[in-house]
Structures are given as C-alpha cells and as structure tokens.
Amino acid sequence: MKVIPPQPMDFQLFAVPVSFNPAAVPPISFPAGSTVEVTSRMALIVFYLNPLPAGVIAGFSATPIDWLDSGGRPISRPACFQVVASSPDRVALLDINVASADAPFHLALNLTYNGQTYSSPDPTVLNKEDPIGL
C-alpha cells in the first residue's frame with residue numbers, strides 16, 4: 001500500500017440552477033449548461049430549483065436522482081457519489097473523485113408536479129483524472 005503524506009484537501013462547490021416549466025419542451029433545463037466538470041479530489045454539487053412560474057408548485061422527487069449509462073439506461077449509483085441532502089427545492093450530491101482517467105457520469109434529476117414525475121435531459125458530472133494520483 002502506498003502511503004501519501006498529508007496534503008491540503010482540494011474541494012470544489014458547484015451551485016447548479018435547475019429550471020422547471022411544465023409547458024416547455026423539455027420541461028427541465030439547466031441555464032448554466034449540462035456538464036459539471038470536477039477537477040478536485042472532492043466536490044459538493046448542489047442542484048437548486050430556480051423560482052417557478054406563477055401557480056406552479058413542483059419539487060425534487062423522493063428519489064431525486066437516477067443514474068444512467070452512456071446509452072440512457074438506468075444503473076446503480078456509482079460508489080463515488082452520495083446524496084447528502086435533499087429537499088423539495090435542492091439536492092446536494094457529494095462526489096469523491098478517484099478517477100484514474102476522465103470519467104463521465106450521467107444522471108437524470110426527477111421533479112414532481114401535479115402527481116407526475118418529470119426527468120431532466122441528461123446532465124453529466126465529469127470527474128477529471130484524480131489530481132492527487134491515488
């Protein structure tokens with residue numbers, strides 16, 4: 001086992017706005033784009049719901065994230081991610097980046113509106129190669 005001397009911890013915080021409008025196509029969008037690029041060893045990614053159109057009451061579902069393979073098929077949650085907080089208006093995702101090469105992770109955010117679940121188009125978390133080299 002390789003022992004690495006203590007090093008300063010590199011950490012990133014991402015605040016990703018999520019827009020929802022049931023009349024739009026698609027109803028869920030990401031004004032800032034759909035890829036979060038993680039270049040640090042650890043990151044907290046917070047998806048938060050932008051103010052909704054008048055009269056629309058929606059929120060993140062009880063299962064706020066579905067993980068997908070590159071073809072859009074459901075997969076188990078990758079081990080490097082953990083949902084650490086979830087409420088109707090935000091979801092916080094902890095990412096421990098141990099990628100030995102650039103690794104994309106595809107997901108769908110799930111919102112509930114009028115008893116129906118809506119899933120986002122494919123946002124992606126791109127874990128860049130492990131900056132510490134573990």
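This report walks through the nonpolar core of a predicted model and two buried polar residues, Ser40 and Asn110.

## The nonpolar core

Let's start in the middle. In soluble globular proteins, nonpolar side chains tend to be buried together. Here the largest nonpolar core counts 30 residues, and Val18, Phe20, Ile45, Phe47, Phe60 and Leu109 are the ones with the most contacts inside it. Strands 1 (11-20), 3, 4, 5 (58-68), 8 (90-96) and 9 (103-113) each chip in at least two residues. Strand 9 gives the largest share, with six residues.

Phe60 is a handy residue to click on. Setting aside residues up to four places away in sequence, Phe60 touches a list of residues including Val18, Phe47, Leu49, Val91, Leu109 and Leu111. Polar residues turn up on that list too, among them Ser87, Asp89, Arg90 and Asn110.

## Asn110, a polar residue in strand 9

Asn110 sits in strand 9. It's buried, because its relative accessible area is 4%, and the cut-off for buried is under 20%.

What does the side chain of Asn110 reach at 3.0 Å? That would be the backbone oxygen of Thr63. The side chains of Asn110 and Ser119 also make a polar contact of 2.6 Å. Beyond its neighbours within four places in sequence, Asn110 is in contact with residues including Gly59, Phe60, Ile65, Asp66, Thr117 and Tyr118.

## Ser40, tucked into a loop

Now hop over to the loop between strand 3 (35-38) and strand 4 (42-49), where you'll find Ser40. Ser40 is buried, with a relative accessible area of just 1%. A polar atom of its side chain lies 2.7 Å from the backbone oxygen of Met42.

Conventions
Residues are numbered from 1 along each chain as its sequence is written. This is a predicted model: local features need pLDDT of at least 70, side-chain atom pairs count only at pLDDT 80 or more; totals for chains, interfaces and linings use all residues. Side-chain values use heavy atoms; hydrogens and water are left out. Helices (H or I, at least four residues) and strands (E, at least two) are DSSP runs, numbered from the N terminus. Buried means under 20% relative accessible area, exposed over 50%, partly exposed in between (1.4 Å probe, protein chains only). A polar contact is a pair of N or O atoms within 3.5 Å; within protein, one must be able to donate a hydrogen and the other to accept it, and residues adjacent in sequence count only if both atoms are side-chain atoms. A nonpolar core is a set of buried Ala, Val, Leu, Ile, Met, Phe, Trp, Tyr and Cys residues joined through side-chain atoms within 4.5 Å. Contact means heavy atoms within 4.5 Å.
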